[in-house]
Amino acid sequence: MRKKIIAGNWKMNKNLSEGTDLANELSEILTSSSTDVEVILGVPFTHLDKVASISDKFSVSAQNCSAQESGAYTGEISTKMILSTGAKYVILGHSERRAYHQENNADLVKKVDLCLSDNLKVIYCCGELLSERDSGNHFEIVKSQIEEALFHLSAEQISRVVIAYEPVWAIGTGVTASSAQAQEMHAYIRSIFTDKYGVDVPQALSILYGGSCKPSNAQEIFSKEDVDGGLIGGASLNANDFSQIINAF
Ligand code: PGA
């Protein structure tokens, strides 16, 4: 059975006190309901320690990490620092980091390796631009993002990776991929893992959909066979919306 996962990506939103309130609200909701979904909160670095201490109903994720282990890298945050806060995951390769920080697949190899060697799980984001979909290159782009950053890993290491397919044209735009488009890409992603690792690894691999997922469309998207959950941006900033998405499975 693949793990069902709903991960929130708060991005650069909420100061520490607002983030603490949101995490507390969510903790209360999750305590009074029961779910077999693993809930993860991707919060700013400054909130990791605090939010991780609030509840065992969710795990906490950073949204990035340094590609260096330690040393003279002013302003950077290492995987060991992240681990020491109680965080369990790191989101890597988000399209906003690829676009605004020129993060490429080669940088991501270093980050992926550091996370896994420091016992942090990885939520690895991939997804095409609208122009790439329009020109029919979306499968190829997603394949290269995955191959170049992940296919040097062993099967055991892949078991500590979650994939988030996030078509860039759907992120923060209000335009969601149709459930058929999501299913088509998720099945394709699983198939490239099958080609590389055989059948067992992809059968255990959770593949999340991200991009304008909200309470009104979550159930339809999650009903698809190869969609194992979601990476939720805007709608994770509201405890009610986010918990409705969690309950959409
Ligand atoms: P969105 O963001 O849900 O606001 O579209 C998703 C993401 O960027 O992870």
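This passage describes strand pairing, salt bridges, backbone angles and a charged surface patch in a predicted model. In this predicted model, local features need pLDDT of at least 70 and side-chain atom pairs count only at pLDDT 80 or more, whereas totals for chains, interfaces and linings use all residues. Residues are numbered from 1 along each chain as its sequence is written, and side-chain values use heavy atoms, with hydrogens and water left out.

Helices (H or I, at least four residues) and strands (E, at least two) are DSSP runs that are numbered from the N terminus. Strand β1, residues 5-9, pairs with β2 in the parallel sense over five bridges, where pairing requires that DSSP finds at least two bridges between two strands. Within this arrangement, N9 has G42 of β2 as its bridge partner. Strand β2, which spans residues 38-42, is mostly covered, as five of its five residues are buried; buried means under 20% relative accessible area, exposed means over 50%, and partly exposed lies in between (1.4 Å probe, protein chains only). E38, I40 and G42 point one way from β2, while V39 and L41 point the other way, and all are buried.

In the loop between β1 and α1, two lysines have positive phi values. K11, found in this loop, has a phi near 55°, a positive value in a residue other than glycine. K14 lies in the loop between β1 and α1 as well, and its phi is near 75°, again positive in a residue other than glycine; K14 is partly exposed, with a relative accessible area of 30%.

A salt bridge is counted where a side-chain nitrogen of Lys or Arg is within 4 Å of a carboxyl oxygen of Asp or Glu, and by this rule the count comes to 13 salt bridges. One of these joins K4 to D36, with the closest N and O atoms 3.7 Å apart. Because K4 lies in the segment before β1 and D36 in the loop between α1 and β2, the pair ties together parts that are 32 residues apart in sequence. K4 is partly exposed at a relative accessible area of 25%, whereas D36 is exposed at 56%.

Other salt bridges involve buried residues. The side chains of E103 and K111 meet in a salt bridge with an N to O distance of 2.6 Å; E103 is buried at 7% relative accessibility, and K111 is buried at 7%. R190 forms a salt bridge with D228, in which the closest N and O atoms are 2.9 Å apart. This pair links distant parts of the chain, since R190 is in helix α9 (residues 179-197) and D228 is in the loop between α11 (215-222) and β8 (229-232), 38 residues apart. R190 counts as buried at 4% relative accessibility, and D228 is buried with a relative accessible area of 5%. R190 and D228 also belong to a network of salt bridges that links R2, R190, D226 and D228.

A negative surface patch is formed by E18, D21, E25 and E28. Patches are made of residues with over 30% relative accessible area and no salt bridge, with like charges joined within 9 Å and nonpolar side chains (Val, Leu, Ile, Met, Phe, Trp, Tyr) within 5 Å. E18 is placed in helix α1, residues 16-31, and is partly exposed, with a relative accessible area of 40%.

How values were computed: Areas by Shrake-Rupley, 256 points an atom, 1.4 Å probe, with all protein chains shown as cover. Lys, Arg positive; Asp, Glu negative; His and termini not counted. Charge placed at Lys NZ, Arg CZ, Asp CG, Glu CD.
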